[in-house]
Amino acid sequence: MDIGLIGLGVMGQNLTLNFQSHGYSVVVYNRTEQRTKEFAAKHPEISAAYTLHEFIQSLDRPHRIFLMVTAGSPVDATISNLTVLLSPGDVLIDGGNSHFQDTERRSTELAKRSVHFLGVGVSGGEEGALKGPCLMVGGNREGYEHVRKMLTKIAAQADGPCCQFLGPRGAGHYVKMVHNGIEYAIIQVIAEAYDLLTRAIGLDIKEVHDAFNEWNQGDMNSFLIEIATQVLRKYDEEKRVPLVSLILDRAQQKGTGKWTSQNAMDLGVPIPTIDAAVSARNLSALKDERLQASKILKPPAKSSYLERSLVGRLKDAVQASILVSYAQGFHLLRAASREYGYDIPLEEVARIWKGGCIIRAKVLDSIENAFRSSKDLQNLVLDRQLSKLLLKLEKNWREVIKGAKDAAVPIPATTASLDYYDGYRSERSPANLIQALRDRFGAHCYERIDRPGKFHTDWTT
Ligand code: 6PG
């Protein structure tokens with residue numbers, strides 16, 4: 001058998017079928033036997049193993065194993081059951097949403113046994129797994145060579161395969177984590193647009209659908225806006241209303257967006273749009289408290305809806321906020337690449353994100369070009385073409401935010417994006433006062449603009 005797959009959740013099943021449809025022989029194994037039996041009954045053409053020993057025995061050498069088990073301790077448990085059966089030179093791939101630091105640790109442990117470990121970020125959901133995911137590969141380069149052909153074949157295609165080796169150890173999972181942070185930010189920006197269009201401007205869901213659909217035709221074309229139009233089209237047959245209006249407004253999360261924010265804080269990289277998106281999910285989850293608060297802290301009385309002309313302006317605000325979300329994500333990748341010695345090719349990240357993954361979008365063409373023409377680009381907002389675009393969008397972006405504040409509709413990610421943009425391009429910040437206050441209460445010292453050195457002042461006299 002060419003490859004073995006462990007973990008028959010939907011993603012694992014679909015990846016198996018993807019490998020098989022590309023002409024590879026696959027053997028599957030799942031911890032609970034029943035699931036393997038069900039899968040084998042449905043797909044008799046695929047081999048099934050019921051013990052790990054039997055599983056390994058059926059594989060060609062070097063053994064190539066793809067793990068699709070839940071991130072966290074299940075990955076460690078599976079690896080620990082497997083290690084006695086593995087030989088030097090075998091290739092073990094973790095395709096789950098593992099924390100990159102777990103991948104770092106596992107890489108070190110497995111390297112001691114000469115097992116080639118790869119941490120691969122797999123994006124695209126169930127459909128992507130079946131028809132072509134985006135594969136963000138990190139880990140042992142030599143190991144990658146044993147599976148490169150297979151992985152590039154099953155991946156989505158967009159100017160080449162959406163599968164790329166991005167760096168050693170945890171690099172692939174790191175890039176996937178940031179992908180998810182950007183995913184959170186874009187989803188939040190889209191949700192805020194929907195909120196403004198309905199609550200502040202008074203559009204019905206059909207009109208919101210039409211606006212999104214129009215946005216999706218041009219430069220803003222993206223998978224997430226496209227699926228937003230699909231979602232808004234869906235009706236509840238029984239109640240005869242758009243299904244979205246019947247969904248409880250409490251967002252869940254599995255933690256990858258939070259990890260992005262946590263790590264960005266550790267590295268001192270500002271990613272406020274992603275932070276705002278994570279916090280907005282947390283706030284949404286406080287449904288009972290929000291209900292209570294809405295009775296006490298009544299919003300200002302609304303005399304009328306905001307002008308409809310804001311719909312066109314909102315398009316610019318969404319486009320700008322999405323672009324800034326990518327800028328923050330890439331800024332973080334750049335910093336992490338240095339900090340962890342990953343040497344991530346950012347232009348290749350932009351390229352493989354153009355297909356298969358959740359944040360695929362037309363704007364990634366410009367992002368890829370930006371990094372191809374300047375490898376040292378500090379921040380995407382500084383790119384010649386993208387900076388021009390932001391300057392063009394800025395006026396409407398600001399107008400929309402003013403409107404939202406008047407209407408008391410929260411748009412934290414859109415606002416954080418503009419504040420980031422305004423902050424990043426500000427020659428002077430008010431941090432001089434922060435420094436003075438720190439020195440006043442804690443003698444933390446400050447630097448001056450007129451001479452070098454560290455200074456402390458007795459501020460009380
Ligand atoms: C992908 C997604 C996926 C992620 C979900 C859910 O790239 O296919 O990022 O890996 O698990 O989007 O994430 P949350 O449950 O945290 O929203």
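This is a short tour of the structure above, stop by stop, with selections to make in your viewer.

**Before you start**

The model is predicted, so local features need pLDDT of at least 70 and side-chain atom pairs count only at pLDDT 80 or more, while totals for chains, interfaces and linings use all residues. Residues are numbered from 1 along each chain as its sequence is written, and side-chain values use heavy atoms, with hydrogens and water left out.

**Stop 1: the whole protein**

Show the cartoon first. The protein has 19 helices and ten strands; these are DSSP runs numbered from the N terminus, helices being H or I with at least four residues and strands E with at least two. Along the principal axes, the C-alpha atoms fill a box of roughly 75 × 70 × 45 Å. The radius of gyration is 25 Å, which agrees with the value near 23 Å for a compact globule of 461 residues. That radius is taken over C-alpha atoms, and the globule rule is 2.2 Å times the number of residues to the power 0.38. Of the 461 residues, 52% are buried. Here buried means under 20% relative accessible area, exposed over 50%, and partly exposed in between (1.4 Å probe, protein chains only).

**Stop 2: strand β6 and its neighbours**

Select residues 116-123, which form strand β6; eight of its eight residues are buried. Now show the side chains. His116, Leu118, Val120 and Val122 point one way, while Phe117, Gly119, Gly121 and Ser123 point the other way.

Which strands pair with β6? Strand β5 (residues 91-94) runs parallel to β6 and is joined to it by four bridges, and strand β7 (residues 134-139) runs antiparallel to β6, with six bridges. Two strands pair if DSSP finds at least two bridges between them. To find the contacts, pick Leu92, which stands opposite Phe117 in β6. Then follow the chain from β5 through helix α5 (residues 100-112) to β6, a right-handed β-α-β crossover. Right-handed means that, with the strands pointing away from the viewer, the path from the first strand over the helix to the second runs clockwise. On the β7 side, pick Val120 and its bridge partner Val137.

**Stop 3: salt bridges**

Side chains of opposite charge can pair when their charged atoms come close. The structure holds 29 salt bridges, each being a side-chain nitrogen of Lys or Arg within 4 Å of a carboxyl oxygen of Asp or Glu.

- Select Lys206 and Asp210, whose side chains meet at 2.8 Å, N to O. Both lie in helix α9 (residues 205-215), four residues apart, about one turn of the helix. Lys206 is exposed at 51% relative accessibility, and Asp210 is partly exposed at 33%.
- Select Lys287 and Asp249, with the closest N and O atoms 2.6 Å apart. Lys287 is in helix α13 (residues 287-296) and Asp249 in the loop between β10 and α11, so the pair ties together parts that are 38 residues apart in sequence. Lys287 is partly exposed at 21% relative accessibility, as is Asp249 at 37%.
- Select Glu368 and Lys354, whose closest N and O atoms are 2.6 Å apart. Glu368 sits in helix α16 (residues 363-373) and Lys354 in the loop between α15 (346-352) and α16, 14 residues apart. Are Glu368 and Lys354 buried or exposed? Both are buried.

Stay here and add Asp159, Glu348, Arg351, Asp365 and Arg372 to your selection: with Glu368 and Lys354, they are linked in a network of salt bridges.

**Stop 4: along helix α14**

Go to helix α14 (residues 310-339) and pick Gly312. Gly312 is partly exposed, at 45% relative accessibility. Ask your viewer for the C-alpha to C-alpha distance to Ala335: the two are 36 Å apart in space and 23 residues apart in sequence.

**Stop 5: backbone surprises**

Most residues other than glycine have a negative phi, and most peptide bonds are trans. Select Arg61 and Pro62, which are joined by a cis peptide bond with omega of about -5 degrees. Pro62 is in the loop between α3 (52-57) and β4 (64-67).

Next, pick Arg169, not a glycine, yet with a positive phi of about 50 degrees. Arg169 lies in the loop between β8 (163-167) and α8 (171-200). Finish at Asp343, also not a glycine, with a positive phi of about 55 degrees. Asp343 is found in the loop between α14 and α15 and is exposed, with a relative accessible area of 68%.
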